[in-house]
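Please walk through this chain with the model open beside the text, taking the strands and helices in turn and then the charged pairs that connect them.

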Amino acid sequence: MYIEIDDHSGFCFGVVKAITKAEESLQNRAEVYSLGDIVHNRVEVQRLENMGLKTISTEDFTKLEGATVLIRAHGEPPATYALAKKNNISIIDATCPVVAKLQELVVRAHADMVAVGGQVVILGKRGHAEVVGLAGQVGGDVIVVENLEDIDNIDFTRPIYLLSQTTQSLELFAQVRNVILERSADPSKVIVHDTICRQVSNRNPHLQEFAKRFDVVVFVSGSKSSNGKALFAACLKANPRSYKIEDAGDLKKEWFEKCKSVGICGATSTPKWLMEQVADAIKNL
């Protein structure tokens, strides 16, 4: 059986930065906290927790004093930094540079819209850490749309500034943009800024081509990963014999009956070592 690991899968540079900062900080400090899962992959989180990283919730964070806390790639709202300063908490900021630039853009867009009585619209998943951080830049004064149905929440008589969570689908963003322009009372007062990270979005068409080359595709991703769900859907569309797993323990022998080739791929939050582990497990089935 031929087994190939997709060389375009695995951590994006924002996640690599966060993981590296966590590992470096754990070498120099006895105790480091991560505000939320550092990455949406249970196995990688467990590896770092075994090194001493402690994952905490926002509620836990409010009770800390004098501790060291890592801000993950998704970023945080200004209120988090203000509370850290108040409670003498040392911050290790691993916000993805792409997300950090988007946070700055949200602030500028909001100021522009306030000046003309407009509104900032963000295509993204409600409650997602990145979206919470983006909305928090302007006290939550944005409209978050997850799908085409949510567009009804926009006031089309007012100016609109459209942005997107960095890991959203290019296809959905184009659909939302088109509907907004069609329904706007004055399309000339609609500003569209595509803020989707191409290192993430470009993986979708690549994975569809990758998945077509194999009898079976095994997609490795954490169950919490939004990016993982979207990329797995791309694999499944290209190859109906695609299976999503969290680790090698989820593999089933019957998937590989009459199979001569297997492609292994994963999300931007999937470590390369985990995909290699899955490849070894398939060989041993």
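What follows describes a predicted model, beginning with a sheet and ending with the salt bridges.

A convenient place to begin is the open sheet of four strands, whose order is S3-S2-S4-S5 and whose pairing is parallel. At its edges stand strand S3 (53–56) and S5, each of which pairs on one side only. Neighbouring strands of this sheet are turned against each other by 30° on average, direction ignored.

The pairings can be followed strand by strand. S2 and S3 are joined in the parallel sense by four bridges, and within this pairing Val32 stands opposite Leu53 in S3. On the way to S4, strand S2 (residues 32–35) is again parallel to its partner, here with two bridges, and Ser34 has Leu70 in S4 as its bridge partner. Between S4 and S5, which also run parallel, there are four bridges, and Ile71 finds its bridge partner in S5 at Asp93. The connection between these two strands is made with helix H4 (residues 78–86), so placed that S4, H4 and S5 form a β-α-β unit of right-handed sense.

Strand S4 (residues 68–71) deserves a closer look at its side chains: Thr68 and Leu70 point one way, Val69 and Ile71 point the other way, and all are buried. Across the sheet lies helix H1 (residues 13–28), which extends over S2, S3, S4 and S5 and runs at about 140° to S5.

At the edge strand S5 (residues 90–93) one finds Ser90. When neighbours within four places in sequence are left aside, the contacts of Ser90 are with Ala67, Thr68 and Val69. Is Ser90 buried, partly exposed or exposed? Ser90 counts as partly exposed, because its relative accessible area is 32%, which falls between the 20% limit for buried and the 50% limit for exposed residues. As a gauge of distance across the model, Ser90 and Phe219 lie 129 residues apart in sequence and 37 Å apart in space, taken from C-alpha to C-alpha.

Further along the chain, strand S10 (residues 216–220) and strand S11 (residues 242–245) run parallel and are joined by four bridges. One of the matched pairs is Val220 with Ile245, the latter in S11. To pass from S10 to S11 the chain goes through helix H10 (residues 226–238), and the resulting β-α-β crossover is right-handed.

H10 in turn packs with H9, at an angle of about 35° and with the two axes 8 Å apart. The crossing in which H9 passes H10 is right-handed. On the H9 side, the residues that meet H10 are Arg203, Asn204, Leu207, Gln208, Ala211 and Lys212, and on the H10 side they are Ala230, Leu231, Ala234, Cys235, Lys237 and Ala238.

The charged pairs add another set of links, and the structure holds 14 salt bridges. One of them brings together the side chains of Arg213 and Glu4, at 2.8 Å from N to O. This pair spans distant parts of the chain, with Arg213 in the loop between helix H9 (203–212) and S10, Glu4 in strand S1 (residues 2–5), and the two positions 209 residues apart. Glu4 is classed as buried because its relative accessible area, 18%, is under the 20% limit.

A second salt bridge joins Arg47 to Glu44, with the closest N and O atoms 2.8 Å apart. Here both partners belong to helix H2 (residues 42–51) and are three residues apart, about one turn of the helix. The partners are unlike in accessibility, for Arg47 at 26% counts as partly exposed, whereas Glu44 at 1% counts as buried.

A third salt bridge is the one between Arg183 and Asp152, whose closest N and O atoms are 2.9 Å apart. Its partners come from distant parts of the chain, 31 residues apart: Arg183 belongs to helix H7 (residues 170–183), and Asp152 to the loop between strand S7 (143–145) and strand S8 (160–164). Arg183 is partly exposed, with a relative accessible area of 42%, while Asp152 counts as exposed at 53% relative accessibility. Elsewhere, salt bridges with shared partners join Glu23, Glu44 and Arg47 into one network.

Technical notes. Residues numbered from 1 in each chain as written. Predicted model: local features only at pLDDT ≥ 70, side-chain atom pairs only at ≥ 80, totals over all residues. Heavy atoms only, no water. Pairing = 2+ DSSP bridges. Right-handed = clockwise from strand over helix to strand, strands pointing away. Salt bridge = Lys/Arg side-chain N within 4 Å of Asp/Glu carboxyl O. Buried < 20%, exposed > 50% of the residue type's maximum accessible area, 1.4 Å probe, protein only. Contact = heavy atoms within 4.5 Å. Axes fitted to C-alpha atoms, helices over the stretch in contact; angles between N-to-C directions. Left-handed = near helix turned anticlockwise from the far one by under 90°.
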